[in-house]
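Hi there,

Here is the structure I promised to hand over. Have a look at it first, and then read on for what I found.

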Amino acid sequence: SQSKISAAEIEKYPMLARQKILDAADRAAKLKAGTFCMVISGRSPSESVFEKVLDAVRSVKSSHDLKICACLGLLDAQQTSRLAEAGVDRVNHNLNTSENFHPQICTTHTFDDRLNTVKNVQTAGMTTCSGGILGLGESDDDAIDLAYSLRELNVTSVPINFLIPIEGTPFAGRGELDPRHCLRLLCLFRLILPSQEIRIAGGREVHLRSLQPLGLYAANSIFIGDYLTTPGQTARRDFEMIRDAGFVLEAADGSILEGNPLEELEASLEATASPGVRSSSSNEPSIV
């Protein structure tokens, strides 16, 4: 929905001012988050935008003991080196799909462009967050190939998105996923990537539906709150789902949150624009 050729009705806005970014970091810290994410939309950041990102990273790092994850599009070796120097801990850059299927969903850059960005991040000494979007029309072999590509890269964190067909995009009519197939896909990635953190991201509410709690057994974590251009279910429903499945809430340092933090966390989340809290575990959900 953020594509240049998309006709979807989404909000467009410039990069947030530094103070607004710091305010968001303050809220994340109060939520006991461990990681603060900075995301822009576009192929690759211009030099002016990149400088603003570096400035924001330094400001957040000087104010809070938060890890920073950046998602900035295609990056060359010089850019990743500058990000590391500024204090970025992790970079998100998804491969999205298999090398074979990539030309069917994108013609403005290649699979190798995405692969090289992840490698540049690793060379710069930062950890990597890289996954994909399932339900684009790929075959089962493509899903397997994507998992093996991520395994060969030895990425740290693997977000699994399920396509949400959005009106105004070329994928608006695609609805090939069902809850059981989504669970099988999560199990596939768990099997091929036993040491990586599998994170259920966009589209879980739409496609897993009533089987969402079962996803907690295959994956390490779920994203809580809204996604880039689509809404998720309420924080209350997520926390209730986690609790009802028999899991506990865990802070970023691994300690268990005592008492019942549900109402406090929900109130904080719904008062903000989803500052990056998620539930996670190696089968114990946590807040990052």
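Let me begin with one residue and work outwards. Gly-132 touches Asn-94, Asn-96, Leu-146, Pro-159, Ile-160 and Asn-161, leaving aside residues up to four places away in sequence. Please keep in mind that this is a predicted model. Gly-132 sits in strand S5, which covers residues 132-134. Is Gly-132 buried or exposed? With a relative accessible area of 0%, Gly-132 counts as buried, because the cut-off for that is under 20%. Its C-alpha lies 9.0 Å from that of Ala-143, and these two residues are eleven places apart in sequence.

Now for the overall picture. The protein has 288 residues, and 50% of them count as buried. Its secondary structure comes to eleven helices and nine strands. Among contacts between residues at least 6 apart in sequence, 71% join residues at least 24 apart. One long-range pair to look up on your screen is Ala-251 and Lys-32: they are 219 residues apart in sequence, yet 6.8 Å apart in space, C-alpha to C-alpha. Ala-251 belongs to the loop between H10 and helix H11 (262-270). Although it is in a loop, Ala-251 is buried, with a relative accessible area of 9%.

Next, the interior. In soluble globular proteins, nonpolar side chains tend to be buried together. Here the largest nonpolar core has 37 residues, and Phe-162 and Phe-189 are the ones with the most contacts inside it. Two or more residues of this core come from each of these elements:

- helices H5 (111-123), H6 (140-153) and H7 (179-192)
- helices H9 (212-218) and H10 (235-244)
- strands S6 (157-162) and S7

Which of them gives the most to this core? That is H7, with seven residues. Phe-189 is a good place to zoom in: apart from residues up to four places away in sequence, it touches Leu-134, Ala-143, Leu-146, Ala-147, Leu-150, Val-158, Ile-160 and Ile-198. There is also a second, separate core of 25 residues, which includes Leu-22, Val-60, Leu-75 and Ala-86.

The pairing of H6 and H7 deserves a look of its own. Their axes are 9 Å apart, and the two helices pack at an angle of about 30 degrees. Why are H6 and H7 called roughly parallel? Angles under 35 degrees count as such, so H6 and H7 are roughly parallel to each other. The crossing in which H6 passes H7 is right-handed. On the H6 side, the residues that meet H7 are Asp-140, Ala-143, Ile-144, Leu-146, Ala-147, Tyr-148, Leu-150 and Arg-151. Their partners in H7 are His-181, Leu-185, Leu-188, Phe-189 and Ile-192.

Last, the annotated positions. An unreviewed UniProt entry lists Cys-37, Cys-69, Cys-129 and Arg-199 under "binding site". I looked at two of these in the model. Cys-37 is found in strand S1 (residues 35-39), and Arg-199 in strand S7 (residues 197-200). How exposed is Cys-37? Its relative accessible area is 40%, so Cys-37 is partly exposed. Arg-199, by contrast, is buried, with a relative accessible area of 9%.

Enjoy exploring it, and do write back with any questions.

Best wishes

Methods:
Residues are numbered from 1 along each chain as its sequence is written. This is a predicted model: local features need pLDDT of at least 70, side-chain atom pairs count only at pLDDT 80 or more; totals for chains, interfaces and linings use all residues. Side-chain values use heavy atoms; hydrogens and water are left out. UniProt positions are given in the numbering used here, feature names are shortened, and annotations may be inferred rather than shown by experiment. Helices (H or I, at least four residues) and strands (E, at least two) are DSSP runs, numbered from the N terminus. Buried means under 20% relative accessible area, exposed over 50%, partly exposed in between (1.4 Å probe, protein chains only). A nonpolar core is a set of buried Ala, Val, Leu, Ile, Met, Phe, Trp, Tyr and Cys residues joined through side-chain atoms within 4.5 Å. Contact means heavy atoms within 4.5 Å. Axes are lines fitted to C-alpha atoms, for helices over the stretch in contact, and angles run from 0 to 180 degrees between N-to-C directions. Angles under 35 degrees count as roughly parallel, over 145 as roughly antiparallel, 65 to 115 as roughly perpendicular and the rest as oblique. A crossing is left-handed if the near helix is turned anticlockwise from the far one by less than a right angle, and right-handed if clockwise.
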